[in-house]
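Hi everyone, thanks for making time. I'd like to walk you through a structure that may be new to you, so let's put it up on the screen.

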Amino acid sequence: MNADDVAALCAAMSLKEIEGPVRKLEGDLKDDGARKLSLSLVGKVLANRLINREVFKRVLSKIWKVREGIIIEVVGENTFTFHFQNLEDRRRVLIGRPWSFDNFLIVLLEPYGKGDIMNMKFERAAFWIQIHNVPLLCMTKKIGHFLGSMIGDVEDIDEGASGDCDGKYLRVRVAINVVRPLHQILRVDVIGDGVESIMLLRYECLPDHCHQCGKLGHRTMECTITGDTNELPFGAWLKAGNPIRPAQNGRVLVS
């Protein structure tokens, strides 16, 4: 039963069928629940088919490598809760995003307030995005933030080993709307002369996406949009390779 079904049921009830007045949770009744909420995540696999729940649980428990165990519960269609035993395990999983299962994106959310899962919108996920073909004038943290904001909500910028955004491209971590087509390019008039600079985007850890409509959650052959399959507007080139490696100081270097 989803949120609309619950609302319709309540609207159909007469006053006599609603049993008693609204009660309020007082004092320390909420303490245990608040602690559980702080150790939990809610996730949804963005797929156009039902996934194998038991395989999903086994795979996630293995690849996340939590130190003190994790409880994974099914709460809806391709939707799960993840209950950790400590904050550090939860933090490491969040930092490691984006995660995927069977090449479908797992959208992870941090529950807040009362943790109402039915009203959660699994629409945003953060990716490290490489911005290629960037003029030297634009290879700064400030301009990197500006360019990243053209894609979504900027969470971080990789300044590189020197701290000056040196390298072949800018690298920004951006939370994007995952129900819309992926951005492929940025068009910028850098010095105000009317000449357009076209910057290409590459997404690190990008799961399968449709080459016809550019959306996540289904593959090209499953797309409902018809078009010329010989000239698809999106492609595998949106996926970045594996150019990153850990630096000695804990930051990420771009080769």
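Let me start with a term: on a 1 Å grid over the protein atoms alone, a cavity is a set of points where a 1.4 Å probe fits but cannot get out, and lining residues have an atom within 4 Å of a point. Grid points are joined across faces, edges and corners, and a volume is the space filled by probe spheres set on the points. Now the housekeeping: this is a predicted model, where local features need pLDDT of at least 70, side-chain atom pairs count only at pLDDT 80 or more, and totals for chains, interfaces and linings use all residues. Residues are numbered from 1 along each chain as its sequence is written, and side-chain values use heavy atoms, with hydrogens and water left out.

So, how many cavities of 30 Å³ or more does the structure hold? The count is 1, and the largest cavity has about 40 Å³ of space in it. Around that space you'll find Arg97, Pro98, Ile106, Val107, Leu108, Ala125 and Ala126. By type, that lining is 6 nonpolar, no polar and 1 charged; Ala, Val, Leu, Ile, Met, Phe, Trp, Tyr, Cys and Pro count as nonpolar, Asp, Glu, Lys and Arg as charged, and the others, Gly among them, as polar.

I'll be saying "helix" and "strand" a lot: these are DSSP runs, helices being H or I with at least four residues and strands E with at least two, numbered from the N terminus. Both β5 (104–109) and β6 (124–132) supply at least two residues of that lining, and β5 gives the most, with 3 residues.

Two of the lining residues, Arg97 and Pro98, share a peptide bond that is cis, with omega near 5 degrees. Pro98 sits in the loop between α4 (87–95) and β4. As background, most peptide bonds are trans, and most residues other than glycine have a negative phi. Asp102, in the loop between β4 and β5, has a positive phi near 55 degrees.

On to the sheets. Strands count as paired if DSSP finds at least two bridges between them. One open, antiparallel sheet has 5 strands in the order β2-β3-β1-β5-β4. Why do β2 (70–76) and β4 (99–101) each have a side without a neighbour? They stand at the edges with a single partner strand each, so one side is left free of a neighbour in the sheet. β2 pairs with β3 (residues 79–84) over 6 bridges, and one of the bridge partners is Thr79, matched with Gly76. Helix α3 (residues 53–64) lies across β1 (40–45), β2, β3, β4 and β5, where contact means heavy atoms within 4.5 Å.

The other open sheet, also antiparallel, runs β7-β8-β6-β10-β9, again 5 strands. Here β7 (153–157) and β9 (185–188) are at the edges. β9 is joined to β10 (residues 197–203) by 4 bridges, with Leu186 partnered by Met199. Helix α5 (residues 141–149) lies across β6, β7, β8 (170–177), β9 and β10.

After β10, in the loop leading to β11 (244–246), comes Cys205, with a positive phi near 60 degrees.

Last stop: an unreviewed UniProt entry places "domain: CCHC-type" at residues 210–223; its positions use the numbering here, feature names are shortened, and annotations may be inferred rather than shown by experiment. That stretch is 0% helix and 0% strand, and its end C-alpha atoms are 7 Å apart.

Notes
On a 1 Å grid over the protein atoms alone, a cavity is a set of points where a 1.4 Å probe fits but cannot get out, and a pocket is an open set with protein on both sides within 12 Å along at least five of seven lines; lining residues have an atom within 4 Å of a point. Axes are lines fitted to C-alpha atoms, for helices over the stretch in contact, and angles run from 0 to 180 degrees between N-to-C directions.
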